[in-house]
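Work through the following exercises with the sequence and the model side by side, and try each task before reading its solution.

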Amino acid sequence: MQGGKYGKYIIEEMKTPSRLSVSRHMDPTDVPPKQRPRIQLLYLDREVVKDGTYTECVWIMPGKRYPGVAEQYPHFHDFDEVVSFIGSDLDDPWDLGGEIEFWIEGEKHLLTRSCLICLPKGTKHCPLIIRRVDQPIYHAAVGTGGIYLQNIDEEDQKDLKYSMENLRR
């Protein structure tokens, strides 16, 4: 942590997020880089910094876990959220380096280019399916809420179109 009066506002280490995470109980340095499905690099919320805003930074890596389902059920938040997927090819930064399926209000979108996705408060989004990862993809999400909470409709949890078997197709 940085020193000084405002050093506490500079986050340089991963803090355990409020929500469940693939890497929550794992030190990513214990896994060889080419075997890491994702590296949850940094996380911020009001439990990390008193007035913090929900923010997470993740590298999605080619390898063992993907292709696969990252978020199974549609959900919404009581805050605005911006979700980003950024390719890592410096010669063509618009190329995502993979394919991600992202649903917004029941519409399926296939992402192959670097993008920002604006989700106003209450907008139902997901499933999130990582279809292909050819090279690392940087993913970040920022929300105006202090703590990350998902609101999931009970009907969506029972809907077979969101079963893992159907989503993997």
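**Exercise 1.** Find which side chain is joined to that of H125 by a polar contact, and decide whether H125 is buried or exposed.

*Solution.* Start with the side chain of H125, which a polar contact of 3.3 Å joins to the side chain of H77. A polar contact is a pair of N or O atoms within 3.5 Å, where within protein one must be able to donate a hydrogen and the other to accept it, and where residues adjacent in sequence count only if both atoms are side-chain atoms. Next, look for the backbone oxygen of T123, which lies 2.9 Å from a polar atom of the H125 side chain. Then turn to accessibility: H125 counts as buried because its relative accessibility is 3% (buried means under 20% relative accessible area, exposed over 50%, partly exposed in between, with a 1.4 Å probe and protein chains only). Finally, place H125 in strand 8, residues 125-133 (strands are DSSP runs of E with at least two residues, numbered from the N terminus).

The model is predicted, so local features need pLDDT of at least 70 and side-chain atom pairs count only at pLDDT 80 or more, while totals for chains, interfaces and linings use all residues. Residues are numbered from 1 along each chain as its sequence is written, and side-chain values use heavy atoms, with hydrogens and water left out.

**Exercise 2.** Determine in which order the four strands of the open sheet lie, and which strands form its edges.

*Solution.* Following the pairings gives the order 3-8-5-6, with antiparallel pairing; two strands pair if DSSP finds at least two bridges between them. The edges are strand 3 and strand 6 (107-113), each of which pairs on one side only. Now examine one pairing in detail: strand 3 and strand 8 are joined in the antiparallel sense over three bridges, and V69 stands opposite I129 in strand 8.

**Exercise 3.** Describe the geometry of the aromatic pair formed by Y54 and F79, and state how far apart these residues are in the chain.

*Solution.* The search of the whole structure finds five aromatic pairs, where rings of Phe, Tyr and Trp (its six-membered ring) pair if their centres lie within 6.5 Å, with planes under 30 degrees apart counted as stacked, over 60 as edge-to-face and the rest as tilted. Y54 and F79 form a tilted pair, with 6.1 Å from centre to centre and 50° between the planes. This pair links distant parts of the chain, 25 residues apart. As a last step, note that Y54 counts as buried at 0% relative accessibility, and that F79 counts as buried at 8%.
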